[in-house]
Every structure is written in structure tokens, then in C-alpha cells.
Amino acid sequence: LRTNSGFDTFASTLHPAMRQLLSGEIFGPTNNLGRLLILFLDTFAFRFNPQLHAVAVPITSGASPDFEFGGASHRSAFPDHPLVLVDPLDTSNNIGRTCFAIATLQRAFRQALGSI
């Protein structure tokens with residue numbers, strides 16, 4: 001997912017989010033990669049609203065995930081940015097600020113989910 005439109009930024013933040021999904025921290029145990037893929041595509045294609053939600057993955061093991069709907073607290077810190085992907089090392093940095101093609105990415109996720 002590397003383009004000039006910010007998809008690379010989105011993809012770079014999803015690695016820790018995928019690790020949380022796989023470990024069961026967010027939606028419970030996920031020991032099937034097919035289920036994980038469907039859950040991921042459904043979450044970002046249909047549930048995630050970039051105008052309301054943010055992706056924020058804590059780097060401390062004791063912190064609870066602030067992912068999807070819980071990320072709204074971070075969304076308000078960056079009101080003019082098209083997508084909020086909080087930098088796990090610096091929460092004052094939104095690494096998704098240049099991702100203006102989030103609707104295109106969500107459309108691709110919907111198409112992929114529909115093809116499964």
C-alpha cells in the first residue's frame with residue numbers, strides 16, 4: 001500500500017493494530033487469520049469513520065487499546081486533518097495528516113470484503 005496519497009502512512013500504523021487484533025486485546029481471541037482479515041476489512045471499511053474516529057495504539061503493555069471508536073478522544077486534537085493515526089512514540093504527532101485518500105482506501109476495503 002505505498003502511494004503518494006498517504007496510504008503508506010496508514011499502512012505503517014496498522015501493523016501494531018493488527019498485532020492487537022490478532023492477540024485478542026480488542027475483540028477477543030482471534031486464532032484464525034481468515035477471520036482476522038474479515039474483521040479488519042469490516043472494521044475499516046464500514047465501522048471506522050475518519051471524521052469521528054482515530055487509530056491510536058498504545059506502546060505500553062498495561063495500557064488499554066484506544067482503537068476505532070475509543071480513538072475519538074484523539075480525533076478532537078486534530079480537527080482539520082483528514083485522518084488521525086496517532087504516532088505511538090509521540091501522541092502529539094498525527095502521522096495520518098496527509099492521507100487525503102482515506103475514502104478511496106475504504107472503498108478498496110469494501111471491494112475486498114465483498115470479494116471474499
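## Two helices and an aromatic cluster

Being four residues apart in helix H2, which runs over residues 33–47, Phe40 and Phe44 are separated by about one helical turn. An α-helix has 3.6 residues a turn, so residues three or four places apart point the same way. The model in which these two side chains are found is a predicted one, and the paragraphs below start from this pair and work outwards to the rest of the chain.

Are Phe40 and Phe44 buried or exposed? With a relative accessibility of 9%, Phe40 falls under the 20% limit and therefore counts as buried, and Phe44, at 1% relative accessibility, counts as buried as well. The ring of Phe44 also pairs with that of Phe48: the two ring centres lie 5.4 Å apart and the planes meet at 50°, so this pair is tilted. Phe48, like Phe44, is buried.

How many aromatic pairs does a search of the whole structure find? The search finds three. One of them joins Phe40 and Phe44, whose ring centres are 5.0 Å apart and whose planes stand at 50°, so that this pair, too, is tilted. Phe40, Phe44 and Phe48 belong, together with Phe109, to one aromatic cluster.

Helix H2 itself has 15 residues, and the distance from its first C-alpha to its last is 20 Å, which is close to the 21 Å expected at 1.5 Å a residue. Its buried residues are Leu36, Leu39, Phe40, Leu41, Thr43, Phe44 and Ala45, so that the two phenylalanines of the opening pair appear in this list beside several other residues of H2. Leu41, which is also found in helix H2, counts as buried because its relative accessibility is 6%.

Phe109, the remaining member of the aromatic cluster, is one of the buried residues of helix H4. That helix covers residues 102–115, and its 14 residues should span 20 Å at 1.5 Å a residue; the C-alpha atoms at its ends are 20 Å apart, which agrees with the expectation. Which residues of H4 are buried? They are Ile102, Leu105, Gln106, Phe109 and Leu113. These residues cover an arc of only 100° around the axis, which puts them on the same side of H4. On the other side of H4, by contrast, Gln111, Gly114 and Ser115 are exposed.

How do the two helices lie with respect to one another? The axes of H2 and H4 come within 8 Å and cross at roughly 140°. That angle makes H2 oblique to H4, and the crossing of the two helices is left-handed.

Individual residues show how parts of the chain that are distant in sequence are placed in space. Leu41 of H2 and Gln111 are 70 residues apart along the chain, and their C-alpha atoms are separated by 9.4 Å. Arg110, whose place is in helix H4, lies 66 residues from Phe44 in sequence and 8.6 Å from Phe44 in space, C-alpha to C-alpha. Arg110 has a relative accessibility of 32% and therefore counts as partly exposed, whereas Phe44 is buried.

The helices are accompanied by strands. The chain holds four helices and three strands, and, read along the sequence, these elements follow the pattern α-α-β-α-β-β-α. Ala56 is found in strand S1, which takes in residues 55–56, and at 5% relative accessibility Ala56 counts as buried. Asp87 is found in strand S2, made up of residues 85–87, and Asp87 is buried as well, with a relative accessible area of 16%. Although Asp87 and Ala56 are 31 residues apart along the chain, their C-alpha atoms are separated by 7.3 Å. Ala56 can also be set beside Thr91, at 35 residues along the chain, with a separation of 8.3 Å between the C-alpha atoms of the two.

For the chain as a whole, 41% of its 116 residues count as buried. Among these buried residues are Phe44 and Phe48, which brings the reader back to the aromatic cluster that they form with Phe40 and Phe109.

Definitions and conventions: Residues are numbered from 1 along each chain as its sequence is written. This is a predicted model: local features need pLDDT of at least 70, side-chain atom pairs count only at pLDDT 80 or more; totals for chains, interfaces and linings use all residues. Side-chain values use heavy atoms; hydrogens and water are left out. The expected span of a helix is 1.5 Å times one less than its number of residues. Buried means under 20% relative accessible area, exposed over 50%, partly exposed in between (1.4 Å probe, protein chains only). The arc is that of the directions from the helix axis to the C-beta atoms. Rings of Phe, Tyr and Trp (its six-membered ring) pair if their centres lie within 6.5 Å; planes under 30 degrees apart count as stacked, over 60 as edge-to-face and the rest as tilted. Axes are lines fitted to C-alpha atoms, for helices over the stretch in contact, and angles run from 0 to 180 degrees between N-to-C directions. Angles under 35 degrees count as roughly parallel, over 145 as roughly antiparallel, 65 to 115 as roughly perpendicular and the rest as oblique. A crossing is left-handed if the near helix is turned anticlockwise from the far one by less than a right angle, and right-handed if clockwise.
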